[in-house]
Amino acid sequence: MFDVAILGGGPAGCAAGVYAARKQLNTIIITETFGGQSIVSPGIENWIGDQVIPGMELAKKLKEHVKKYEADDFVIKEGSRIEDVQKIDGGFKVITTGGEFEAKTVLVTTGSHRRKLPVPGADEFEHKGITYCASCDGPFFKDKDVVVVGGGNAGFESAAQLLAYCKSVTLLQRSDVYKADAVTVETVLAHENMTGVLNAKIKEVRGETMVSEIVYEVDGEEIVKPVGGVFVEIGAEPTTGYIKDLIELTPYGQVVTDPRNQKASLEGVWAAGDCTDGLYHQNNIAAGDAVKALEDIYLYIKAHS
Ligand SMILES: Cc1cc2nc3c(=O)[nH]c(=O)nc-3n(C[C@H](O)[C@H](O)[C@H](O)COP(=O)(O)OP(=O)(O)OC[C@H]3O[C@@H](n4cnc5c(N)ncnc54)[C@H](O)[C@@H]3O)c2cc1C
């Protein structure tokens, strides 16, 4: 039985991994991939110690740092999806697509994932004209009329990027007000190829092999708009479904944690990073909170051995 199972390999999981190795805890890190969500960012400018670093480069450095400690008592299980965590005598069983693992304690750092567009056609046309990352996929939509769904900062930032090469960008916002910063809204909407639509309720996306139309309603009127692409920016949700029956989650699915030590509601479980109910979610915060959790896990293991 491992001392600790670290679930996830983003900034939180990797920071915890480094601390666990240095404290010589018998550790397993289980993750689908290393690096975390900002891997798609062309340039991260607030990772302390690097004035600017591409997301891919940060991911590589995080993985290399953890890999340095790989050994019989520091196991890295990459490419496995965690499907369930169960309470067993003396600890927990983590069930993954790559096997089952037992640990005395669990640190949940599986972050969050993008919220999907909840309308007919959205699943069918994902990667066929519907995308969730303007900085990754935007250039494929050169000279096309595209729609951005979501009027928060992410939506407006995506629109700003797309305006560099798309023929036109229409931003659809569900409510009667844009949630992005006022300056960003003003700057982006001032662009001649940019249109913003408030109170737009998306009904459906349609197409043949690729998406070609988006259907939405404004004040009861149905509008069918021809599109070459749809960029969805309607927020993220925590990746905690596999542990929802074991620990307390907020109504949004975030792990309820004690901010002093990152403890979850069940003894033996901690959580850190974007999957938690912490008020702010950033790379440095994820790493710092995970270190806090690991310090507490270390004391717990020593007290119970
Ligand atoms: C496009 C974008 C740009 C960003 N830019 C910045 C920025 O410039 N600066 C900044 O500070 N923050 C930025 N952020 C926010 C930052 O990326 C997050 O706060 C940070 O990644 C959270 O780290 P985490 O370790 O908690 O979770 P995540 O980064 O979400 O990592 C979760 C890890 O868990 C793994 N995982 C998830 N589910 C499972 C499962 N079921 N089984 C196995 N493994 C699983 C994933 O593979 C991943 O490795 C950005 C976010 C996005 C989306």
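**Helix α1, its neighbours and the ligand**

Student: Does α1 pass α2 in a left-handed or right-handed crossing?

Tutor: α1 passes α2 in a left-handed crossing. Left-handed says that the near helix is turned anticlockwise from the far one by less than a right angle, and right-handed is the clockwise case. Helices (H or I, at least four residues) and strands (E, at least two) are DSSP runs, numbered from the N terminus. This is a predicted model, where local features need pLDDT of at least 70 and side-chain atom pairs count only at pLDDT 80 or more, while totals for chains, interfaces and linings use all residues. Residues are numbered from 1 along each chain as its sequence is written.

Student: Cool! At what angle do the axes of α1 and α2 cross?

Tutor: Helix α1 (residues 11-22) and helix α2 (residues 55-67) have axes that cross at roughly 25° and come within 9 Å. That makes α1 roughly parallel to α2. Angles under 35 degrees count as roughly parallel, over 145 as roughly antiparallel, 65 to 115 as roughly perpendicular and the rest as oblique. The axes are lines fitted to C-alpha atoms, for helices over the stretch in contact, with angles from 0 to 180 degrees between N-to-C directions.

Student: Which residues in α1 and α2 meet?

Tutor: On the α1 side they are Pro11, Cys14, Gly17 and Val18, and they meet Leu62, His65 and Val66 in α2. Contact here has C-beta atoms, placed from the backbone, within 7 Å. By class, this contact has 5 nonpolar, 2 polar and no charged residues. Ala, Val, Leu, Ile, Met, Phe, Trp, Tyr, Cys and Pro count as nonpolar, Asp, Glu, Lys and Arg as charged, and the others, Gly among them, as polar.

Student: And what about α1 and α6, how do their axes cross?

Tutor: Their axes come within 7 Å and cross at roughly 35°, and the crossing is right-handed. Residues in the contact include Ala12, Ala16 and Tyr19 of α1 and Ala286, Ala290 and Leu294 of α6. The contact of α1 with α6 divides into 12 nonpolar, 2 polar and 1 charged.

Student: New topic! Which residues come nearest to the ligand?

Tutor: Of the 33 residues around the ligand, those are Gly8, Gly10, Gly36, Gly111 and Gly273. A residue is near a molecule or strand if its C-beta atom, placed from the backbone, lies within 6 Å of it.

Student: Which elements supply at least two residues of the shell?

Tutor: α1 is one of them, and β2 (27-31) and α6 (283-303) each do that too. The shell around the ligand has 9 nonpolar, 21 polar and 3 charged residues.

How values were computed: Two residues are in contact if their C-beta atoms, placed from the backbone, lie within 7 Å.
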